[in-house]
Amino acid sequence: MKYNIIRLERTGSTNEDAKRLAKEGAPEGTVVVADSQDAGKGRRGRKWISPPGSNLYFTLLLKPDFSPDRASMLTLVMALSVAEALESVAGIEFGIKWPNDIVLNRKKICGILTEMTMQDGVIEGLVIGVGVNVSQKEFPEELQTTATSLQLEGLSCERMELLNCILECFTKNYEAFLKCLDLGRLKARYEEKLLNRGKEVRVLEPSGEYGGRALGINENGELLVETFDGKVKEIFAGEVSVRGIYGYV
Ligand code: BTN
């Protein structure tokens, strides 16, 4: 894929910028990267605090012609790409907490927010926003047990080098995804990094909560959870949250 990187000093949210650019006709491969965000967005309507001079905040715009029901898988394609890029830049292994948090030493180091805009039932823009904590030294109290940065873990990297490496890994993984429009070719590598695999988890659905053991993912990126009565449930990322029984992972 050909990337066109737009660098901003300060913005509201790179996801909002990329969605606006999509509407204005920007091509696939447009990447908005900002040094800071005033209204950084996390999943489930949360904020993504985005101070200047410390972290990587970027959004990639795709304009795919596949059906909107394939879109949620791109989050997992990006999660795998970020984990692989971090490994090559930092030289150690990173894990993935399903579906898309990158984790180091049981703490979250990167979050991904995928959003889609549609026009007459087809995808107008698919934006994948990525926030990697690079050199943030402090987190608000409520995040201290669950969030970390490369620097806090004794690692360092140059933000633009990391961005280029993520985009390189994404190109390769996206090509593999496009062959069958599923995660068949990426599943094994994703599962190698999947920290929930083989672990007991609690599944929090809007309709209730249950426990089980995470087995892996299927080709659609759904988490397979074997409940205690031996049934295997396929969990779609949407509204569900999956927790380890001993904490965040
Ligand atoms: C999460 O809650 O885990 C997802 C966080 C995603 C944050 C990134 S930072 C760049 C992009 N712009 C945003 O407003 N959010 C995403």
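How many aromatic pairs does the structure hold? It holds three. The model is predicted, and the views below take its ring contacts in turn before turning to helix 3 and the whole chain.

**View 1. F66 and F177 form an edge-to-face pair.** The ring centres lie 5.7 Å apart. The planes meet at 75 degrees, and an angle over 60 counts as edge-to-face. F66 sits in the loop between strand 3 (56-62) and helix 2 (73-90). F177 belongs to helix 3 (residues 159-180). The pair therefore ties together parts that are 111 residues apart in sequence. Both F66 and F177 are buried.

**View 2. Y174 and F177 form a stacked pair.** Here the ring centres are 6.2 Å apart. The planes differ by 10 degrees, so the pair is stacked; the limit for that class is under 30 degrees. Y174 and F177 are three residues apart in helix 3, which means that about one helical turn separates them. Both Y174 and F177 are buried.

**View 3. Ring pairs build a cluster.** Its members are F66, F170, Y174 and F177. F177 takes part in the edge-to-face pair with F66. F177 also takes part in the stacked pair with Y174.

**View 4. A lysine lies over a tyrosine ring.** The lysine is K233 and the ring belongs to Y210. K233 lies over the ring face, at 4.7 Å from the ring centre.

**View 5. Helix 3 matches its expected span.** The helix has 22 residues. At 1.5 Å a residue, it should span 32 Å. The end C-alpha atoms are 32 Å apart, so the two values agree. L181 follows the helix. Its phi is positive, near 55 degrees.

**View 6. The whole chain sets the context for the close-ups.** Four helices and twelve strands make up its secondary structure. The radius of gyration is 17 Å, and the globule rule gives 18 Å for 249 residues. The values are close, so the chain is as compact as a globular protein of that length. The C-alpha trace spans about 50 × 45 × 35 Å along its principal axes. Of the 249 residues, 55% are buried. Among contacts with a separation of 6 or more, 64% join residues 24 or more positions apart. The chain exposes about 11,700 Å². Carbon and sulfur atoms supply 48% of that area.

Definitions and conventions. Residues numbered from 1 in each chain as written. Predicted model: local features only at pLDDT ≥ 70, side-chain atom pairs only at ≥ 80, totals over all residues. Heavy atoms only, no water. Phe/Tyr/Trp six-rings, centres within 6.5 Å; stacked < 30°, edge-to-face > 60°. Helix = DSSP H or I, 4+ residues; strand = E, 2+ residues; numbered from the N terminus. Buried < 20%, exposed > 50% of the residue type's maximum accessible area, 1.4 Å probe, protein only. Lys NZ or Arg CZ within 6 Å of the ring centre and 35° of its normal. Rg over C-alpha atoms; globule rule 2.2 N^0.38 Å. Contact = heavy atoms within 4.5 Å. Areas by Shrake-Rupley, 256 points an atom, 1.4 Å probe, with all protein chains shown as cover. Expected span 1.5 Å × (residues − 1).
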